[in-house]
Amino acid sequence: MVEENNREEIEKIEKSTPDEINISTQEEGTEIEKNNISEGEEPNSEKKRIGFFKGIWSIIRIFFNGKILSIDFIIKHCITFSTIIIVVLFYISNRYINQINAAEIKKTEKKITETRYRALEMSSRLKKVQCTDSIIKYIDKYDLDLEFPTQPPYIIEEDGKK
């Protein structure tokens with residue numbers, strides 16, 4: 001009797017299309033999930049946790065078995081390795097460019113401060129010359145009998161006080 005039921009199920013599976021098989025298995029899976037949810041368990045979180053630890057364990061096992069340097073492993077992860085290499089090269093080049101730009105900024109700031117100092121010095125010289133010229137022009141304009149002193153002024157001290 002059991003064999004007949006199995007034969008009937010096998011014949012149904014052979015006659016059915018792949019889409020019907022997927023639908024039937026999905027329906028059975030939903031019933032199982034419904035039963036698990038009714039029991040108060042989270043079906044996906046436990047599976048994810050177990051899958052995560054299996055993944056880590058398989059990576060550790062591959063590393064210690066020495067398969068990490070095998071040709072198959074490298075070919076399988078070629079895109080990942082190339083992406084990591086490109087990101088590292090981009091990071092290094094970006095840092096190098098930023099260091100060059102920082103050095104140029106420092107040089108430019110130094111030139112700016114030197115130029116400002118020279119401009120301030122020249123403007124003070126110019127003001128001194130302009131002041132002297134304007135005084136001479138004023139004296140000549142009004143025909144005053146003033147002359148620039150050739151000797152510095154003297155300080156007269158009384159009783160040791162200035």
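**Close-up views of a predicted model**

A search of the whole structure turns up zero disulfides, a disulfide being a pair of cysteine sulfur atoms within 2.5 Å. This is a predicted model, in which local features need pLDDT of at least 70, side-chain atom pairs count only at pLDDT 80 or more, and totals for chains, interfaces and linings use all residues. Residues are numbered from 1 along each chain as its sequence is written, and side-chain values use heavy atoms, with hydrogens and water left out.

**View 1. Two cysteines, C78 and C131****.** C78 is partly exposed, with a relative accessible area of 47%. C131 is also partly exposed, at 43%. Here buried means under 20% relative accessible area, exposed over 50%, and partly exposed in between (1.4 Å probe, protein chains only).

**View 2. A nonpolar patch on the surface****.** Take a look at I74, F81, I84, I85, V88, L89, Y91 and I92, which together offer about 760 Å² of accessible area (Shrake-Rupley method, 1.4 Å probe, with only the protein chains shown counting as cover for residues). Patch members have over 30% relative accessible area and no salt bridge (a side-chain nitrogen of Lys or Arg within 4 Å of a carboxyl oxygen of Asp or Glu); nonpolar side chains (Val, Leu, Ile, Met, Phe, Trp, Tyr) are joined within 5 Å, like charges within 9 Å. Helix α5 (residues 78–141) supplies the largest share, seven residues. Helices (H or I, at least four residues) and strands (E, at least two) are DSSP runs, numbered from the N terminus.

**View 3. V88 in helix α5****.** V88 belongs to the nonpolar patch and is partly exposed, at 42% relative accessibility.

**View 4. D143, in the segment after α5****.** D143 is not a glycine, yet has a positive phi of about 45°. Most residues other than glycine have a negative phi. At 66% relative accessibility, D143 is exposed.
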